[in-house]
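Subject: Structure for you to look at

Hello,

Here is the structure I said I would pass on. Please open it first; my notes on what was found follow below.

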Amino acid sequence: MLSRLFAPKVKVSAHCDLPCGVYDPAQARIEAESVKAVQEKYQANEDADFRTRAVLIKEQRAELAKHHVSVLWSDYFKPPHFEKYPELHQLVNDTLKALSAAKGSNDPATGQKALDLIAQIDKIFWETKQA
């Protein structure tokens, strides 16, 4: 009886999480900028407690950046985009791997590499938005 009472009355489905047009690589870039900034602050500070907290924050931000890149790849980019930009699959894969490397490193160079790759995705993204 309770299962019928709380059962959904209407089923809905959608092809994406939010209405189309809300995607933007800026979300990934902002998180990756945080990763690099934390890596720089880590290098400039010898306090063990500060460094422990910095590592935790850096890892969280890197994971968020990976999420945003993955959402672009899986939800925004469509077959016509991959046809026009055949390097896009590899670029996204390289970006995710660079973010994983930055997540596991305190070297700001790894954060910068991730930012450089996100910039390439950003360029392609905005070209597809103008098409």
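Among contacts between residues at least 6 apart in sequence, 74% join residues at least 24 apart. Please keep in mind throughout that this is a predicted model.

Overall make-up

The protein chain has 6 helices and 0 strands. Read from the N terminus, its elements run α-α-α-α-α-α. Of its 131 residues, 34% count as buried.

The nonpolar core

The largest nonpolar core holds 23 residues, and those touching the most other members are Val69, Leu72, Phe77, Leu88, Leu99 and Ile121. At least two residues of this core come from each of α2 (26-43), α3 (48-76), α5 (88-103) and α6 (108-130). The largest share, 7 residues, is supplied by α6.

Valine 69 is a useful residue to start from. Its place is in helix α3. Valine 69 has a relative accessible area of 2%, and because the cut-off for buried is under 20%, it counts as buried. Which residues does valine 69 contact, leaving aside its neighbours within four places in sequence? They are Ala28, Val92, Thr95, Leu96, Leu99, Ile118 and Ile121. One of these contacts is leucine 99. Valine 69 and leucine 99 are 30 residues apart in sequence, and their C-alpha atoms are 9.8 Å apart in space.

Helix α2

The 18 residues of α2 should span 26 Å at 1.5 Å a residue, and the end C-alpha atoms are 26 Å apart, which agrees. The buried residues in α2 are Ala28, Glu31, Ala32, Val35, Val38, Gln39 and Tyr42. Seen down the helix axis, the buried residues of α2 fall within an arc of 115°, so they line one face of the helix. The background is that an α-helix has 3.6 residues a turn, so residues three or four places apart point the same way. What covers the buried residues of α2 includes α3, α5 and α6.

Tyrosine 42, listed among the buried residues of α2, also has a charged neighbour. Arginine 51 lies over the face of tyrosine 42, at 4.1 Å from the ring centre.

Helix α6

With 23 residues, α6 reaches 33 Å from its first C-alpha to its last, close to the 33 Å expected at 1.5 Å a residue. Buried in α6 are Pro108, Thr110, Gly111, Ala114, Leu115, Leu117, Ile118, Ile121, Ile124, Phe125 and Thr128. These buried residues pack against α2, α3, α4 and α5. Two of the residues just listed, Ile118 and Ile121, are also in contact with valine 69.

Aromatic residues

How many aromatic pairs are there? The count comes to 5 aromatic pairs. In one of them, tyrosine 23 and tyrosine 76 form a tilted pair, 5.9 Å centre to centre with 55° between the planes. This pair links distant parts of the chain: tyrosine 23 is in the loop between α1 (2-6) and α2, tyrosine 76 is in helix α3, and they are 53 residues apart.

Are the two partners buried or exposed? Tyrosine 23 counts as buried, at 10% relative accessibility. Tyrosine 76 counts as buried too, at 11%. Both belong to one aromatic cluster, formed by Tyr23, Tyr76, Phe77, Phe82, Phe125 and Trp126. Phe77 in this cluster is also among the core members with the most contacts to other members, and Phe125 is one of the buried residues of α6.

Histidine 81

Histidine 81 lies in helix α4 (residues 79-84). At 16% relative accessibility, histidine 81 counts as buried, because the cut-off is under 20%. Not counting residues up to four places away in sequence, histidine 81 touches Tyr76 and Thr128. Tyr76 is a partner in the tilted pair described above, and Thr128 is one of the buried residues of α6.

Alanine 101

Alanine 101 lies in helix α5. Alanine 101 is partly exposed, with a relative accessible area of 39%. Its C-alpha is 8.7 Å from that of alanine 114, and the two residues are 13 apart in sequence. Alanine 114 is listed among the buried residues of α6.

Regards

Notes
Residues are numbered from 1 along each chain as its sequence is written. This is a predicted model: local features need pLDDT of at least 70, side-chain atom pairs count only at pLDDT 80 or more; totals for chains, interfaces and linings use all residues. Side-chain values use heavy atoms; hydrogens and water are left out. A nonpolar core is a set of buried Ala, Val, Leu, Ile, Met, Phe, Trp, Tyr and Cys residues joined through side-chain atoms within 4.5 Å. Buried means under 20% relative accessible area, exposed over 50%, partly exposed in between (1.4 Å probe, protein chains only). Helices (H or I, at least four residues) and strands (E, at least two) are DSSP runs, numbered from the N terminus. Contact means heavy atoms within 4.5 Å. Rings of Phe, Tyr and Trp (its six-membered ring) pair if their centres lie within 6.5 Å; planes under 30 degrees apart count as stacked, over 60 as edge-to-face and the rest as tilted. A charge sits over a ring if NZ of Lys or CZ of Arg is within 6 Å of the ring centre and within 35 degrees of the ring normal. The expected span of a helix is 1.5 Å times one less than its number of residues. The arc is that of the directions from the helix axis to the C-beta atoms.
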